[in-house]
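User: I'd like a close look at one part of this model, with the cut-offs spelled out as you go. Keep it relaxed, but give me the numbers.

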Amino acid sequence: AYHVSGTVSVTRSDVQALKGVCMRAERDNKLVLALDGASNIGIVQDASYCVKTWPVDTRIKVGGEGQQHYVACKLMGILEFYTRVQGKWAAHRLTVRVVPGFGCNILPECFYLRKGCSVNKTGTTATVRTPDNKPLLTAHALQNDKSWLFYAEVHLQKPAATTAAQLREDY
C-alpha cells in the first residue's frame, strides 16, 4: 500500500504545451514552473534542481478534466529558486516531489496562499504578492493552447544580492 502525498491537476495536453518552453529555459539555467491553483504539491522532473533530496515511497494523484490516476514518487527534495520582479530579487524555497518524465514542473499556488500572499490573475498575467503587497513572482499564460496555464520562468542560481522578501517553507 502506498501513501498518497498530494494532488496535481495538470493534463496531458497541458504538458505537451509546456515542453518546448521548458527546454528553452533549461539551456539558460532557468526553470519553467506551471503555477497551478488546483495542485497542493510541487513537482520537478529532475533531482538536480533540488538543493537537498531524500528517498520516499509514495504516490501522487494526478489528473484533470475528470480523469485521475496515480504516479509513483521515489524521491523528494527542496527546490530553491529566484525571481526578479521590478528590479528586486526574491528567494523561494519549497518541498517538491521529484518525478522524472512527468512532463512539466509544478508550482502550487497554495505555497504562497498559506503564507498570506495573494495570487491575482488578470488577462494573461498572474502576479503573486507578499502580504504587504510587494510583487514576488509573475507568471504568464500560454497563448497557443486552450488550457490557459500560467507559467513562471525562474532562475536556479542565486543572484549576487537578494533584496526582496524571502519566503521559506518549513522542512
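What percentage of the contacts in the protein chain with a separation of 6 or more comes from residues 24 or more positions apart? After that, please zoom in on Val154 in strand β11 and work outwards from there.

Analyst: The share is 65%: that is how much of the contacts with a separation of 6 or more comes from residues 24 or more positions apart. A contact here means heavy atoms within 4.5 Å. Some ground rules: this is a predicted model, where local features need pLDDT of at least 70 and side-chain atom pairs count only at pLDDT 80 or more, while totals for chains, interfaces and linings use all residues. Residues are numbered from 1 along each chain as its sequence is written, and side-chain values use heavy atoms, with hydrogens and water left out.

Quick overview before zooming in. The protein chain has two helices and twelve strands, in the order β-α-β-β-β-β-β-β-α-β-β-β-β-β. These elements are DSSP runs numbered from the N terminus, with helices being H or I of at least four residues and strands being E of at least two. Of the 171 residues, 50% are buried; buried means under 20% relative accessible area, exposed means over 50%, and partly exposed is in between (1.4 Å probe, protein chains only).

Now to Val154, which sits in strand β11. With a relative accessibility of 0%, Val154 counts as buried. Its C-alpha atom is 5.3 Å from that of Leu31, even though the two residues are 123 residues apart along the chain. Setting aside neighbours within four places in sequence, Val154 is in contact with Lys30, Leu31, Leu33, Phe81, Tyr82, Thr83 and Leu137.

Follow Thr83 next, a residue of strand β5. Thr83 is buried too, at 6% relative accessibility. Its side chain makes a polar contact with the side chain of His92 at 2.8 Å. For a polar contact, a pair of N or O atoms must lie within 3.5 Å; within protein, one must be able to donate a hydrogen and the other to accept it, and residues adjacent in sequence count only if both atoms are side-chain atoms. Beyond four places in sequence, Thr83 touches Lys88, Trp89, Ala90, His92, Leu136, Leu137 and Val154.

Two other partners of Val154, Phe81 and Leu137, lead into the largest nonpolar core. That core has 27 residues, and those touching the most other members are Leu35, Leu79, Phe81, Leu107, Tyr112, Val128 and Leu137. At least two residues each come from β2 (30-36), β5 (67-85), β6 (88-98), α2 (110-113), β9, β10 and β11 (150-155). A nonpolar core is a set of buried Ala, Val, Leu, Ile, Met, Phe, Trp, Tyr and Cys residues joined through side-chain atoms within 4.5 Å. Leu35 gives a feel for the packing: leaving out neighbours within four places, its contacts include Leu107, Val128, Leu137, Phe150 and Tyr151. There's also a second, separate core of eleven residues, with Ile43, Ile60, Val99 and Cys104 among them.

On to the charges. Side chains of opposite charge can pair when their charged atoms come close. The structure holds five salt bridges, each being a side-chain nitrogen of Lys or Arg within 4 Å of a carboxyl oxygen of Asp or Glu. One of them involves Lys30, which also touches Val154: Lys30 pairs with Glu153, with the closest N and O atoms 3.4 Å apart. This pair links distant parts of the chain, Lys30 in strand β2 and Glu153 in strand β11, 123 residues apart. Lys30 is partly exposed at 22% relative accessibility, and Glu153 is partly exposed at 40%.

Further out, Glu80 and Arg93 form a salt bridge with their closest N and O atoms 2.6 Å apart. It joins strand β5 to strand β6 across 13 residues, and both partners are buried. Glu109, one of the contacts of Leu35, bridges to Lys121 at 2.6 Å between the closest N and O atoms. Glu109 lies in the loop between β7 (105-108) and α2, and Lys121 in strand β8 (residues 118-122), so this pair ties together parts twelve residues apart in sequence. Glu109 is buried at 9% relative accessibility, whereas Lys121 is partly exposed at 42%.

For contrast, try Asp36 in strand β2. Asp36 is buried yet has no salt bridge, and the nearest side chain of opposite charge, Lys121, is 7.1 Å away. (Lys and Arg count as positive and Asp and Glu as negative; His and the chain ends are not counted.) The side chain of Asp36 does reach the backbone nitrogen of Ala38, at 3.0 Å.
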